[in-house]
Amino acid sequence: MRFYIDDLPVIFPYPYAFPEQVAMMNDLKRTLDANGKAVIESPSGTGKTVSLLSLIVSYQMHYPAARKLIYCTRTVPEIEKVLAELSRLMEYRARYNPGEDEVKDEDGVERELPLPKGQGQHEDILALGLSSRKNLCIHPSVSRERRGNVVDARCRDMTSAWACEKGRQEPGSVELCDFHENLGKLEPGHLLPHGVWTLEDVKDYSREQGICPYFGIRRMLPFVNIVVYSFHYLLDPKVAEQVSKEMSKDAIVVFDEAHNIDNVCIESLSIDLTRPMLDSAYRSVDQLAKRVDEVKKTDAAKLQDEYSNLVEGLQQSSTEREAETFMANPVLPEDLLKEAIPGNIRRAEHFVAFLKRFVEYLKTRMRVLHVVAETPTSFLQHLKDITYIERKPLRFCAERLRMLVSTLELTRLDEFAALQKVAAFATLVATYDKGFLLILEPFETENATVPNPIFHFTCLDASLAIQPVFERFSSVIITSGTISPLDMYPKMLKFETVVQESYPMTLTRQCFLPLVITRGSDQIAISSRFEVRNDPSVVRNYGSILIEYAKCIPDGIVAFFPSYLYMESIVSAWHDMGILEEVWKYKLVFIETPDAPETSVALENYRRACDNGRGAILLSVARGKVSEGIDFDHNYGRAVVMFGVPYQYTESRILKARLEFLRDNFRIRENDFLTFDAMRHAAQCVGRVLRGKSDYGLMVFADKRFARADKRSKLPKWIAQQITDTHSNLSTDMAIVESKLFIRRMAQPFDQGAKGGVSLWSVKDIEERQRKEKEHFERLMAQDGLELGEDGALDGDVIDFNDPETLEAVERHERELEAKRGGSAAQIEELADGEDEFDGQFGDGRELEGMDVDA
Ligand code: SF4
């Protein structure tokens with residue numbers, strides 16, 4: 001269908017749209033018009049991706065300044081999903097774009113749009129996905145390697161600047177990749193024809209043409225209209241500098257499934273060093289030293305050339321970086337590029353000695369037997385006192401290493417990974433003084449006696465990694481199905497929004513039922529709080545929830561626990577109590593483990609059991625792979641049970657440091673952050689059950705703390721709104737009665753036509769809605785004019801949006817709309833039982849034992 005938002009014609013590839021999709025497109029248009037940033041939460045399964053793409057592509061096509069779209073998502077299947085959706089959209093758009101001979105039929109009558117399927121002209125657009133070499137390589141032997149870093153290293157050996165030069169001059173001296181070589185023969189910018197390409201499409205096409213898909217896509221990036229890749233390509237400075245630096249500033253950036261974006265930012269700037277890593281780095285330094293000696297004897301001019309280049313500065317040497325993402329510098333700001341490398345690390349042998357001293361220093365630091373936490377400044381001071389290493393050369397360490405590796409023509413760079421990490425650490429520690437902490441933990445656990453030290457260089461400030469993105473691109477959209485509370489993200493990531501919206505879910509039949517079980521059938525409260533979590537009555541009550549649901553829910557049930565440790569302890573207790581034996585009578589039980597291949601086998605069998613009617617239960621953990629990326633739609637998940645509130649392990653020193661940082665710098669209280677984090681993960685878990693409005697399922701929150709308003713207000717609006725008072729404080733047997741009723745209700749035939757105008761809008765419904773909103777707005781304006789006593793009725797006057805009174809009226813109107821949509825989360829009634837869970841946990845120095853603190 002085609003409808004208008006202001007003057008923008010939007011082509012949407014379905015005959016109906018959900019109201020939340022229309023609302024989202026309206027807000028997106030506002031964001032793009034204002035060149036601003038938005039945080040948007042849209043319920044799971046309501047077609048977020050297609051709404052984003054429809055609006056943005058319509059925007060790109062309609063306005064002359066065609067802005068690029070950078071669409072970031074998390075996994076390869078998600079990249080493929082977005083590209084497939086985009087391909088469908090472009091097919092559909094073609095039907096609104098008749099060719100010259102399609103405008104009229106044989107009788108000369110103008111034809112109605114959309115044209116029948118398969119007709120019309122495709123618009124000129126190039127859309128590509130980008131992933132790692134591991135997923136794209138088509139080289140017969142390299143693509144067979146199982147580990148990503150080995151694929152990277154082997155590819156680099158054949159494609160680095162020196163290898164190509166040497167291989168071309170003396171054919172046969174170095175193995176080159178033909179697919180890469182063939183690329184060079186084609187004209188850049190014409191490596192792939194226009195169209196929407198999934199990763200598999202590009203691979204097939206590249207095989208036919210004999211070119212490398214990975215480098216083909218990278219070289220086409222300056223020419224694409226839409227690129228879809230993972231968050232890291234924008235957020236990880238090591239990769240972003242290489243891949244995304246050519247993206248124009250007016251590009252539109254979308255971060256989809258971005259509920260964890262703060263953690264991605266933090267991880268991209270944090271480094272952990274262990275003892276074996278330092279040993280490996282030390283060996284690599286020795287190898288470097290040997291190689292420098294060799295080259296000195298055989299080809300001293302090469303080292304001399306490198307030295308002369310370094311005197312001139314880094315700018316010149318930055319051209320040949322295409323192939324070398326592995327050796328990239330984590331932070332290489334423009335000003336640094338202009339500077340010359342400090343004198344004491346210009347000569348290869350000096351730099352090698354410098355690295356050696358630094359690694360030795362780190363090894364010595366690891367010998368301590370107590371925990372050390374220090375800031376980068378104090379680390380650098382200590383380093384200087386002991387080794388005379390200054391901050392400046394340290395800052396250039398990663399870049400200098402990259403150049404040396406290239407000069408020495410080293411191969412199999414995966415073996416230098418540890419040294420590269422040390423160099424990246426050196427650069428980061430010398431670049432940032434705020435927002436980072438160094439924590440040295442000599443023992444793995446509190447009770448361990450054998451040291452196994454880890455040096456954490458941890459980033460505490462998520463805004464550091466994303467700041468360059470905000471500075472560079474004006475339109476950034478952060479969205480997810482579970483991103484509440486919305487104001488947390490602008491605070492943590494330091495940005496201002498034009499739109500901050502959470503849409504409720506419009507339903508003609510309530511297709512999901514959230515229930516909060518606060519106590520067992522014996523009326524004993526249930527909770528995963530540390531003090532009571534292993535209490536036999538709690539364990540038994542959790543067990544009976546599982547048994548009861550196994551009895552009455554058809555097909556698949558997914559149960560989530562706050563952590564692996566807790567899951568293990570409770571499953572073994574269930575085994576001893578005979579609970580598992582009872583569950584087995586009704587369903588098979590599968591379990592998620594930290595081992596990915598093991599989990600995928602479990603998942604496969606779980607699905608098989610759901611398909612053949614046997615029914616199964618999958619036991620998983622919040623924050624695990626299953627909770628983040630697997631959908632349990634239809635028969636694969638008729639109920640999700642969240643056993644406990646998934647708080648993080650608050651005894652972690654890193655988390656404590658981050659909480660302190662958030663409190664001191666962003667005024668975010670520890671409790672607020674911990675609850676926010678727990679609830680976003682709980683929402684992620686239960687959100688798995690519903691993947692569309694034709695789907696249905698139960699969301700069971702089994703912990704008495706979920707009944708509290710402070711928890712529920714942090715759930716996404718579309719879930720929180722459906723938790724009625726009667727369903728927010730149930731015992732197990734009451735919940736089972738409600739669940740049975742729900743499942744029976746859902747099993748009845750449903751008239752899809754009843755959704756029309758309510759949860760499904762046609763073009764007419766949309767236009768009618770727009771007309772009503774306009775009328776309402778005008779009425780409000782007129783009322784305000786009268787109230788303000790300016791010059792009588794405002795009807796028909798020109799609306800001045802710079803006028804503060806007009807703005808006030810607009811805001812009032814928005815508030816009214818908000819209320820109409822169902823009110824804000826803050827209005828949810830308080831059901832608190834008077835306790836404050838985190839009282840006394842932070843700031844009073846009291847240490848708590850255990851794996852997570854739900855005091
Ligand atoms: S150049 Fe391309 S095809 Fe050749 S090894 Fe590298 S990734 Fe594989």
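**A friendly note on the sheets and the ligand shell**

1. Let me start with the open sheet: four strands lie in the order β9-β12-β11-β10, and their pairing is antiparallel. Since this is a predicted model, please read every point below in that light. The edge positions belong to β9 (271–274) and β10 (372–374); each has a single partner strand, so one side of each is left without a neighbour in the sheet. On average, neighbouring strands here are turned by 10° against each other, direction ignored.

2. Within that sheet, have a look at β11 (residues 436–441) and β12 (residues 454–459), antiparallel strands joined by six bridges. A handy place to check the register is L438, which stands opposite F457 in β12.

3. Helix α19 (residues 417–431) is worth viewing together with the sheet: this helix lies across β9 and β12 and runs at about 130° to β9.

4. Further along the chain, β17 (residues 588–591) and β18 (residues 616–621) run parallel and are joined by four bridges. F590 stands opposite L618 in β18. With helix α25 (residues 596–611), the strands β17 and β18 make a right-handed β-α-β unit.

5. Now to the ligand, which is surrounded by 14 residues; C137, C155, C177, H180 and C212 are the closest. By type, the shell divides into ten nonpolar residues, three polar and one charged.

6. Which helices each supply at least two residues of that shell? They are α5 (148–159), α7 (178–185) and α9 (213–220). The largest share, three residues, comes from α5.

Conventions
Residues are numbered from 1 along each chain as its sequence is written. This is a predicted model: local features need pLDDT of at least 70, side-chain atom pairs count only at pLDDT 80 or more; totals for chains, interfaces and linings use all residues. A residue is near a molecule or strand if its C-beta atom, placed from the backbone, lies within 6 Å of it. Ala, Val, Leu, Ile, Met, Phe, Trp, Tyr, Cys and Pro count as nonpolar, Asp, Glu, Lys and Arg as charged, and the others, Gly among them, as polar. Two strands pair if DSSP finds at least two bridges between them. A crossover is right-handed if, with the strands pointing away from the viewer, the path from the first strand over the helix to the second runs clockwise. Axes are lines fitted to C-alpha atoms, for helices over the stretch in contact, and angles run from 0 to 180 degrees between N-to-C directions. Two residues are in contact if their C-beta atoms, placed from the backbone, lie within 7 Å.
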